[in-house]
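The report below describes the fold, the nonpolar core and the salt bridges of one chain. It is meant to be read alongside the sequence and the coordinates.

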Amino acid sequence: VPMMLGTKAVGVLNIHDTGGGRAPDQSQLRFLTLLAGETALVLHNQRLYDDLQVFFLEMVQMLARAIDAKDLYKADKSEHARALAAGAARELGLPDQMVRYVEYAMMLHGVGKMGIDQAILSKPGKLTPAEFEQVKKHTTIGHRILARVKFLGPVAKMVLYHQEWFNGKGYPEGLKGEEIPLGSRIVAVVNAWEAMLSDRPYRKALTDAAATAELHKGAGAQFDPKVVEAFLKAAAKTVSP
């Protein structure tokens, strides 16, 4: 039975009767034709959905590259961070759609820095209290930017809270524990890991062992302990760039 999409055949539905029964009558043929048409439509819609997901990912990757271009310490690292975040999310048993949101949040968590003075972001020394207050605004700026894109709604919330601490001493709202979205807690751990493994003007990159020790040290204070454990399991399976 041809699988028709409008006037175009997109496939064939083969029906095999192994019981030696009669040839199908006209009503059965009409039903099979209807079934083939519905199958063609489902496959077409799935293809459109897959194409849309690819488009979304490519758009997010483009934004991530623009963010990386402004951050001297994160050039070309967004894809590796994305893989680590996805791995941690899967270790925690999150469904595929939520894993995708976590990936997007990991790549876009720094988008708000586009609204921060570049001189502050690239300052080699310690920031003044006033400068740090400016940098802290990047979470709310990022949320404002992303919340205007409907399909990035869940991502915007993860970006808003990715600087919250598990003990409630983070920003922008001082959330603690389970009040912080799980996606934000994952981004926080991966972001810290990537920062520790990058050279800074005031220090050299840490070794994997030293960075692991710092994550364990921060578990329960800055980081969610269960996210730290899930992340370290995922990191052990992920090849570094």
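## Burial, core and salt bridges

Buried residues, meaning those under 20% relative accessible area (exposed is over 50%, partly exposed in between, with a 1.4 Å probe and protein chains only), make up 38% of the 241 residues in the chain. This is a predicted model, in which local features need pLDDT of at least 70 and side-chain atom pairs count only at pLDDT 80 or more, whereas totals for chains, interfaces and linings use all residues. Residues are numbered from 1 along each chain as its sequence is written, and side-chain values use heavy atoms, with hydrogens and water left out.

The secondary structure comprises ten helices and two strands, taken as DSSP runs (helices H or I, at least four residues; strands E, at least two) numbered from the N terminus. Along the sequence the order is β-β-α-α-α-α-α-α-α-α-α-α. Of the contacts (heavy atoms within 4.5 Å) between residues at least 6 apart in sequence, 60% join residues at least 24 apart.

The largest nonpolar core, a set of buried Ala, Val, Leu, Ile, Met, Phe, Trp, Tyr and Cys residues joined through side-chain atoms within 4.5 Å, holds 40 residues, and Ile186, Leu215 and Phe231 touch the most other members. Elements giving two or more residues to this core include helix H1 (26–70), helix H8 (182–196), helix H9 (208–218) and helix H10 (225–237), while the largest share, eight residues, comes from H3. Beyond its neighbours within four places in sequence, Leu215 is in contact with Val189, Trp193, Met196, Phe223, Val228, Phe231 and Leu232.

The structure holds eight salt bridges, each defined as a side-chain nitrogen of Lys or Arg within 4 Å of a carboxyl oxygen of Asp or Glu. Three of them are listed here.

| Acidic residue | Basic residue | N to O distance |
|---|---|---|
| Glu79 | Arg82 | 2.9 Å |
| Glu91 | Lys237 | 2.5 Å |
| Glu178 | Lys226 | 3.8 Å |

Glu79 and Arg82 are three residues apart in helix H2 and are therefore separated by about one helical turn; Glu79 is partly exposed at 35% relative accessible area, whereas Arg82 is buried at 17%. Glu91 lies in helix H2 and Lys237 in helix H10, so their salt bridge ties together parts that are 146 residues apart in sequence. Glu91 is partly exposed, at 30%, and Lys237 is exposed, at 63%.

Glu178, in the loop between H7 and H8, pairs with Lys226 in helix H10, so parts 48 residues apart in sequence are tied together. Salt bridges that share partners join Glu178, Arg185, Asp224 and Lys226 into one network.
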